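Here's a quick briefing to keep next to the viewer. Have a look at the fold first, then work through the points below by topic.

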Amino acid sequence: MRIAVGLIDVSTGEPVQAELFDDVTIEDFLQTQRDWRPLVLEAAQRLTRAGDRPSIIPQHFHWDWTRKEGDLRMLANRFYGIRREDKLQGLAKLMTVGHVCRLPEQAGKPLVYVDYLEVAPWNIKPLMTALGRPHRFAGVGTRLVEIAVRLSVDEGFRGRLGLHSLPTSEPFYINTCAMTPVGPDATKQNLTWCEFTPAQADGFLGR
Amino acid sequence: MKMNTDPNWLKKKASMEDGGFVSVGGLVSEIGMPGREFPVNADPLRHAFVRLLQLKRREKSLSLEELANKADIDLAELMRIARDEHHTPNILTVCRIAEFFRLPQRPLLALAGLLEPTDDSFQHESLRFAARSEPVEKLSREEHKALEEYVKFLCDK
């Protein structure tokens with residue numbers, strides 16, 4: 001699958017066309033290591049020197065992509081990327097089995113689980129501000145969540161979605177996406193489990 | 001898969017996302033471990049949170065049990081929030097409290113120490129509220145007697 005999606009070019013405030021694709025390869029993951037990591041580390045060092053504590057710098061689970069090649073071949077795992085200007089702008093790994101809803105009103109029902117979602121550091125304003133540059137494209141995170149919701153609809157899960165949000169990402173998932181924060185998950189380093197009901201997913205899609 | 005092509009929807013969503021963090025898993029695990037520490041002391045804010053909850057509950061003349069039932073909150077969790085200011089409340093509980101009392105969700109989460117406060121004035125105003133809302137009614141005869149006895153006990157030590 002390769003389809004055109006819009007992102008917002010921050011310099012003009014206008015939509016530009018990007019490519020959404022699902023034939024993600026190990027090369028794409030290696031590209032995130034090569035292109036994203038140095039920028040993230042540099043920004044993080046500057047934030048630390050500026051007096052910000054590590055806890056307000058993005059915290060992430062450890063993901064060693066070089067060991068994830070097997071994941072690419074598993075049918076229950078779906079990988080999506082967004083590319084613009086020959087660069088990866090965001091990546092997501094979604095799972096269609098292995099997790100169920102936890103909200104009381106839909107407990108036990110199947111959902112799409114967001115196992116990984118990340119946007120390129122040049123699209124994250126706090127990191128680029130630390131580096132003295134403007135961020136590049138807006139709406140990449142929104143597009144990746146949209147993909148997850150649409151996959152959930154296609155799978156017959158009616159938009160039900162679940163994920164473990166990092167503390168720094170909670171404002172995005174709870175306030176911007178309006179997911180329900182179900183609570184900390186002791187089995188996942190107390191990260192907050194957030195969930196979409198079908199009605200919330202419809203609201204997110206603007207239906 | 002058909003994606004939304006409405007540019008207004010995209011602009012609105014992108015504006016709300018505002019270049020903030022969206023990560024689920026990912027890079028830079030070397031930099032910081034997942035945690036809930038914020039660069040402010042959560043205790044004074046939580047004191048304001050507990051006082052706010054207490055006053056809103058009394059405003060509606062609800063016992064803790066009635067509030068737990070009406071707002072669909074676990075009573076034990078509500079009791080802990082009311083009695084222990086060091087207890088970190090469950091996020092869902094705070095969201096249900098916000099919904100029940102029609103309070104904005106994000107500031108209430110910040111007050112409960114679950115999200116980073118937006119600015120310094122938030123902490124200042126919350127402290128001011130907590131201090132001003134302390135009860136000043138006269139002691140009952142029983143309270144007065146208990147206080148005197150306890151102060152005497154302290155003095156004799």
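Two strands count as paired if DSSP finds at least two bridges between them. With that in hand, start at the N terminus of chain A: β1(A) and β2(A) make a hairpin with 4 residues between them. Keep in mind that this is a predicted model, with an ipTM of 0.85 and a pTM of 0.63.

**The two chains at a glance**

- Chain A is a mix of 5 helices and 9 strands, and going from the N terminus its elements read β-β-α-β-β-β-α-β-α-β-α-β-β-α.
- Chain B has 8 helices and 0 strands, so to speak a plain α-α-α-α-α-α-α-α when read along the sequence.
- On burial, 46% of the 207 residues of chain A count as buried, while for chain B the figure is 30% of 157 residues.
- Take the contacts in chain A with a separation of 6 or more: residues 24 or more positions apart account for 61% of them.
- In chain B, 52% of the contacts between residues at least 6 apart in sequence join residues at least 24 apart.

**The sheet of chain A**

- The 9 strands form an open sheet with mixed pairing, in the order β6-β1-β2-β3-β4-β5-β7-β9-β8.
- At the edges you'll find β6 (137–138) and β8 of chain A; each has a single partner strand, so one side of each has no neighbour in the sheet.
- Something from the other chain packs here too: helix α1 (residues 7–17) of chain B sits on the sheet and touches β1, β2 and β6 of chain A. The direction of this helix makes about 55 degrees with that of β1(A).

**The N-terminal hairpin and its next partner**

- Strand β1 (residues 2–9) and strand β2 (residues 14–21) of chain A pair in the antiparallel sense, with 8 bridges.
- If you want a register check, D9(A) is opposite E14(A) in β2(A).
- In the turn, G13(A) has a positive phi of about 75 degrees.
- β2(A) is also joined by 3 bridges to strand β3 (residues 77–84) of chain A, again running antiparallel. Here F21(A) stands opposite G81(A) in β3(A).

**The β8–β9 hairpin**

- β8(A) and β9(A) are antiparallel, paired over 5 bridges, and D185(A) is opposite L191(A) in β9(A).
- This hairpin has 5 residues between its strands, and Q189(A) takes a positive phi near 50 degrees.
- K188(A) is in the loop between β8 (180–185) and β9 (191–196) of chain A.
- Is K188(A) buried or exposed? K188(A) is exposed, since 12 other C-beta atoms lie within 10 Å and the cut-off for exposed is 12 or fewer.
- K188(A) and H164(A) are 24 residues apart along the chain, and their C-alpha atoms are separated by 7.7 Å.

**Nonpolar cores**

- In soluble globular proteins, nonpolar side chains tend to be buried together.
- The largest nonpolar core here has 60 residues. The ones with the most contacts inside this core are A92(A), V112(A), V114(A), L144(A), A148(A) and L161(A).
- Which helix gives this core its largest share? Helix α3 (residues 140–154) of chain A does, with 7 residues.
- A148(A) is a good residue to centre the view on: beyond its neighbours within four places in sequence, A148(A) is in contact with A92(A), L94(A), V112(A), V114(A) and L161(A).
- A second, separate core has 18 residues, including V50(B), L53(B), L109(B) and A110(B).

**Confidence in chain B**

- The mean pLDDT of chain B is 79, and 83% of its residues reach 70 or more.
- Among the elements of chain B, helix α3 (residues 64–71) has the highest mean pLDDT, 93, and helix α6 (residues 105–111) the lowest, 77.
- Where does pLDDT stay under 50 in chain B? That stretch is residues 27–40 of chain B, for which the model has 39 contacts beyond four places in sequence.

Methods. Residues numbered from 1 in each chain as written. Chains lettered and ligands numbered in written order. Predicted model: local features only at pLDDT ≥ 70, side-chain atom pairs only at ≥ 80, totals over all residues. Helix = DSSP H or I, 4+ residues; strand = E, 2+ residues; numbered from the N terminus. Buried ≥ 20, exposed ≤ 12 C-beta atoms within 10 Å, placed from the backbone. Contact = placed C-beta atoms within 7 Å. Core = buried A, V, L, I, M, F, W, Y, C linked by C-beta atoms within 7 Å. pLDDT = per-residue confidence, 0-100. Axes fitted to C-alpha atoms, helices over the stretch in contact; angles between N-to-C directions.
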